[in-house]
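Dear colleague,

Please find the structure below, handed over for your records. A short account of what was found in it follows.

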Amino acid sequence: MNDIVKYAIYFLLGGTIVSLSTYLGSQGKSFLAAFASTFPAITGATFVLMYLNGGSDAIVGYAKHLLWFVPPWIVYVTAMVAGVPRFGFWPAMLGSLALYMGCVGLLKLALR
C-alpha cells in the first residue's frame, strides 16, 4: 500500500470519529458523543499501523509517551467543564488550550 493510500485511510478514520462525535453531541446524546470521542479506535488503529510500519518497539514507546498526556488532557477537559458556564465557549476553549499547552510544556521540561 503506498503512502498516499495509507494517509487517506488515516484521514477518513479520524474524520469519521469526529463526525460521529459531532453528530451524537448535536443530537443531545453527549454520553455517546464522549464515548465515541474517547473510544480507543484512533489509538488502536495507530497501534496497528505503527506495528505494521515500525514493529513492537515503536508501539511501546508511543504507548509510554501517550500516558504522559493523560494529566494535561484531564486539565484541559476540567477547564472546559468549569470554564464554559462561567466565561462562554471561546474564552474557555482558548484558556483550556493554553492550560493544556502549559501542562505539556511542563511535562516536556520534567522529562528532560
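Contact here means heavy atoms within 4.5 Å. This is a predicted model, in which local features need pLDDT of at least 70, side-chain atom pairs count only at pLDDT 80 or more, and totals for chains, interfaces and linings use all residues. Residues are numbered from 1 along each chain as its sequence is written, and side-chain values use heavy atoms, with hydrogens and water left out.

S96 lies in helix α6, residues 89-110 (helices are DSSP runs of H or I with at least four residues, numbered from the N terminus). Leaving aside residues up to four places away in sequence, S96 touches Y76, A79 and M80. S96 counts as buried because its relative accessibility is 1%, the limit for buried being under 20% with a 1.4 Å probe and protein chains only. The side chain of S96 also reaches the backbone oxygen of A92 at 2.7 Å.

The largest pocket (an open set of points on a 1 Å grid over the protein atoms alone, with protein on both sides within 12 Å along at least five of seven lines; lining residues have an atom within 4 Å of a point) is lined by 19 residues, and S37, T38, F39, T43 and W73 lie nearest its centre. Helices α1, α2, α3, α4 and α5 each give two or more residues to this lining, with the largest share, five residues, coming from α5.

Just after α3, G55 takes a positive phi of about 85°.

Yours sincerely

Conventions. 1 Å grid on protein atoms, 1.4 Å probe; cavity = no way out; pocket = protein on both sides within 12 Å on 5 of 7 lines; lining within 4 Å. Buried < 20%, exposed > 50% of the residue type's maximum accessible area, 1.4 Å probe, protein only. Polar contact = N/O pair within 3.5 Å; in protein donor to acceptor, adjacent residues only side chain to side chain.
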